[in-house]
Structure formats: C-alpha cells, structure tokens
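Here's a walk through a few helices and one cysteine. Have the structure open and follow along.

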Amino acid sequence: MHRLLNRLQLGFKALRELGMRQLSLYAVYQLGLRSGHYRRATPPPRKSEASYPYRLQPVLRLPEASQVIRLNGKNGLAALRKESDEIVHGKVGLFGAGPVPLGLAPPGKLQHWTAYERDEHDLGDLKFIWEPARFGWAFTLGRAFWLTGDERYPEAFWRYLEAFWEANPAYLGPNWLSGQEAAIRLCALIFAAQAFAASQHSTPARLAQLAESVAQHAARIPPTLVYARAQHNNHLITEALGLYTAAAALPAHPQAAKWQHLGWKWLNHACQTQFAPDGAYCQHSTNYHRLALQAASWACAVQATCFPATPFPPASLSRLQAGVSWLLTLLDPNSGQVPNLGPNDGALLLPLAGSAFADYRPALQAAARAFFGEAALPPGAWDEASLWLGLPANPAREAAPGPRLAHPGQSVLRGAHGAWAYLRTARFTSRPGHADQLHLDLWWQGLNLAQDPGTYRYTAPPPWDNALTSTLVHNTLSVDGLEQMTRAGRFLYLDWAQATGVRRAQAGDGSFEQLRASHNGYHRRGMTHQRQVTAFQDGRWRVEDSLIGRSRQTPTARLHWLLPDLPWQAEFALHSLSLLLTTPHGVIELLVRSETNLHPGLARAGELLLGEGEAHPTWGWTSATYGDKMPALALLVTFQGQLPLQITSEWILPNETS
C-alpha cells in the first residue's frame, strides 16, 4: 500500500510539473505500442527486383575543395586523412573519444522494433549500439573524399553501408527503435550520397538502393512523431529535420510534400517552444543545446538550397538568435569549450570540422552565420563547418565579428587575467536533467578549475545508472545528504528547485563584480540556500554560501568542489582548509573557511585521499563525453550548526606575471 501511495504521489507531481499535454501524448504513444498499431504501420518492406524510381537530389551547396584545404592547411588535411584511414580499417571514434572497432550488427535475433520498446530484450546500453549506426563517421569519409579524391573512402562507405543494410533490414532490430536515430542516420546518408556522387563506387544501383533506404528512414518517423512531441526535446527537432531533409532529397517521392509539411511545421514549433526567449534550451544541457543549433543550421542550409521561397519565420529566427547568443556567452575563448552542463550523450550531429568533440566553435560560428548573417568569432579552422553548409564568410558584415551577439541575462562573471565563472540559476519550465542549482563553473587560462561532472552513462549497473546528475557531485551545497529535487526515475526529477533573487552588483571603482542568487530546493526542511560569487580585479574569486531559514534543526551541510586531477597539497585546521593545486600556469589556492568546525575530505576516482570514512564510488570523476570517465579531485567539506550556517571559499589565482 505504501508503494502504491508513493507512486500515486509521484504521478500527481509529474502531472503538475510536466503538464497534461505531455503526459497525454506519451499515453497515446503507449496505446499505439500496446495495440500493435505501430507494428502494423511499419511493416518490413518486401524486396523488389525493380530499380527504385526516385533519385536523390543535392540538398547542400558543397564548397570548393581548395577553399577547405586552404582553411585547414597541410596539418588539418593530414589529420583528416589519418582519421579517415582508421575508418577504412574498421576503427571509429564514438562520442568524440578514441577509436574502437566499427560494429553495425546488433546482437541477438532481429525482431520488429516495437519488441525492443517493450523491453523484451536485454541489450545493455543502447547508446553503444546506436552511435555507430548514426553514421557520423560518414561525414568524415565524405569530407576526405571531397578534398582528396581518394577512392578508398567511398569504397569503405559503401562496404559498411551494405553491411548495415544486411544486418539491419528496415524496421527490424534496435537500430529502428527510435525515430530520432532514423532521422540522424538519414541526414548522414544524404550527405554521403552527395559527397560521393562522383566516385566510381557510387554506381546507379547503389545510389538507387540508397534512395530507397532514405525513403524507408523517412517513413519510419511520422507514425511515432507523437513520442517526439511528448518528449519536448531534441527528438522532435531532429525527427522534423529528417522529414524536411528527405523531402528535399527525394522531391519526386509521393510522400515528399507530406514530409516537407510535417518537417517544417514541427521544426519551427520546436525552435519556437524549445528555446526560451532568453535563449536557454529546454533540456538544460549545453550538448543538447549544440545539437539543436546544428539541426537548425542544417535546416537553414537545406532551405536555402531546396526551398528558397520559404525561409525561417521571424518567430523561429528570434529564438534561434537568442539560442546562439546564450551558448556563446558560455564559450571559453581559450579552449573553445563550454561548461559540461546537464545531460551529455556524446552527440555531435554534424561532425563537419576537424575540431575536437568538446570544441563548440564550429557549431556556433555556423549558427551565427545562419541566423545572424555574420560571424560570431574571428576566422579560424572552426569556419570549416560553415563552408560545408554553404555559409561562407561575408566580409561586408564581418569586419568586427559578433557585434550583436552579447547576451546580457546569463549568470556569467568575468574576472581578471581571463578568468570567468558561470553560476547555475535556472527557472525550470521543462524537466531538469541534473539537480544542479547554484552549481559554479570556474575557468582560467583555458583550464576548467571548478567543473561539472558531466554524465558518463545513462544506463549501467549501479552506481553508474545516470549517477552524475546528483546534487552531491556538483559544485554546490547539499543538506543532510539530500538531493535538491526528488529523483523519480533515471531521467526524471520532480519537486523542481527554482532559483530566485538573482542579482548582479558592481563596485563603483570597478574593483569587483558580484552575482547573488538562492534556490528553494530545501524549503521542505525550512531552509534556503543562498550563494554570492564575487570576482575581484586582483585575481581573487570569493564564493559565500549560506543556509538560512527558521528551522530549529541542526543541519549537516556539505560543500563540494570538483577540480582537475592535478598535483595538490592540503593544510587544514578546525575552521579552515587550504588546498594548493599546481597547474601549467602556476599554483592556485582554494581557501575554505567557516565559523563552525570543518571536516574535509578529498577523493579521487572513488577513493579517499584525505579525511575519514569511505568515499562513494562516484566521487572524484569527470566525464567529458558519453561512456568515458576520467579521475578528478573532489573536495568535500562537511560542517554542521544552527541556522544561519555559512561557509566561504576563496580562489586565489596567479596574476599574469607570476
């Protein structure tokens, strides 16, 4: 009975916070599954001996090879060849990590995709099956062939594609389970068809079979578009993009008009509802934010080539411009990286540049050109993605890059010596992926000093079942070992903690700038967490945390800082702790002080280096991309006392001449 009441309570909370519309759409999807409707709507097609009658058309204005080679130079071309040669020999980098064997055949006997949705098969983490089948590596081979004319690259593409067709017939197996996966693969196949069109390996028979496969992928999407609408996230924007792209590539297909209408309708709906007026993305994730901007940039390129009379409407354009500005504000100018905010599934929708996975400059430069008509960044290797999308530089508008791209509302502070910080102050209107209110990211000289742990794995045995979403591993304050929000599932938090009282202040003499905010995640315990961050022009950063309220409890609070895995030294007393980190740019000091007794701990890779007790296995890890985790230093400072309870962290960074 208690379990039933708990489930009912969670159900009412989900209804209140997610809304009736999303839950109703999800119920419709489940009805379609359980009734067998989707199985009947997507039957495996019969084999035909006749040649497929519809031919693929170009959807992009691809650049001159010499233009791209000039941009990247000999070193860039050599790096592209090296990566492409690895793919030719069966090794591919997944999620931006090192090369692994390219596997396109899913395990077990194939069944209709609906059987996998009903959890009738234990396939482990589907991300490792889906990622190679997204054909992101085909962009790499396509770029390499376009620039070099080396026939080994299209030969490898067709060899792998035919192996995929053999192992994954239409609508059978887990690679057809998601409409989003079909849409992402569809775009990669269409790019490859255009890039390899001049190859001797791209025979008419192969191109006809590829055209038929594109149509099968497009037909997979409409029956379950209701699921993408229920999710209200990147599923909708990518599935709409897939339909829109298929219509452009197969204009003579009988369903092309329907695909174009559905794709354009829901693409614009997603742009206008998933990006907030201030530019924040609904999934509260920098990685998914990039994916959404890349999808919209691709759509802009396809529209300009195939549907020039129907540009993005102003309502979509304004939200996309805000989305570009929002993410640009979080761009570290030294590294091209951004805080690893929220869920990160390792997605890179358009790998159209030689930059590393964590480099956001190619995506942001292309999106700025697509939606502002001008560059956001100075010229560089990150311009390559813009060239592939037919968004070349406009010298008349790019003399001073990005004059209109500043974002005033973001919780970012700029300090001395190139240091900057992001304070997480969200007002959730859609479900959060991480319980991370008042998390602080601190960057200096391209080094992420105070960092977000990332994601690592969505699906894995405990303790790694999406464990890095927790408040306890973010750079914030936790109370009595509790989350800021109620975790109701692997991907669901309820009782959303909301940031309030966000204030910005600045000294009249310019000696400091300050952000102040609070959140209500512990209001059920009669407490509010307040955080004040001050950037001093002498290179210091002060973070002041307070627990306030009328509660008569004596809470136990814990401050967490996730730091790079660097050489360290520590000294501590009853009320203070000094941690020295040796960086490539000098020694920094993190000084923590409180009026109550402090109990410090330092963990690395799930092991305690300093302090008493045992470390949790998830402490002291950071994950830059999906399925990959690296050791980090987790500083955990526990303290207890009556309210108000306060603790101060001061970062002391070397100046430029030290």
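What follows goes from a single helix, to a helix pair, to a single residue. Keep in mind that this is a predicted model.

Start with helix α8, residues 152-167. How far apart are its end C-alpha atoms? They sit 23 Å from each other, and since 16 residues at 1.5 Å a residue should span 22 Å, the two values agree. Now look at which side chains are tucked away: the buried residues of α8 are Y153, P154, A156, F157, W158, Y160, L161, F164, W165 and A167. Those buried residues pack against α4 (65-88), α6 (127-133), α7 (136-148), α9 (179-195) and α10 (204-220).

Next, move along to helix α13 (residues 256-274) and helix α15 (residues 314-329), whose axes come within 8 Å and cross at roughly 50°. Angles from 35 to 65 degrees count as oblique, so that is the label for α13 and α15. Their crossing is left-handed. On the α13 side, the contact is made by N268, C271 and Q272, while α15 brings A315, S316, R319 and L320. By character, the residues of this contact are a mix: three nonpolar, three polar and one charged.

Finally, find C306, which lies in helix α14 (residues 286-306). Is C306 buried, partly exposed or exposed? Its relative accessibility is 24%, and buried means under 20%, so C306 counts as partly exposed. Leaving aside neighbours within four places in sequence, C306 is in contact with P58, V59 and A248. Take A248: it is 58 residues from C306 along the chain, yet their C-alpha atoms are separated by 6.0 Å.

Definitions and conventions
Residues are numbered from 1 along each chain as its sequence is written. This is a predicted model: local features need pLDDT of at least 70, side-chain atom pairs count only at pLDDT 80 or more; totals for chains, interfaces and linings use all residues. Side-chain values use heavy atoms; hydrogens and water are left out. Helices (H or I, at least four residues) and strands (E, at least two) are DSSP runs, numbered from the N terminus. Buried means under 20% relative accessible area, exposed over 50%, partly exposed in between (1.4 Å probe, protein chains only). Contact means heavy atoms within 4.5 Å. Axes are lines fitted to C-alpha atoms, for helices over the stretch in contact, and angles run from 0 to 180 degrees between N-to-C directions. Angles under 35 degrees count as roughly parallel, over 145 as roughly antiparallel, 65 to 115 as roughly perpendicular and the rest as oblique. A crossing is left-handed if the near helix is turned anticlockwise from the far one by less than a right angle, and right-handed if clockwise. Ala, Val, Leu, Ile, Met, Phe, Trp, Tyr, Cys and Pro count as nonpolar, Asp, Glu, Lys and Arg as charged, and the others, Gly among them, as polar. The expected span of a helix is 1.5 Å times one less than its number of residues.
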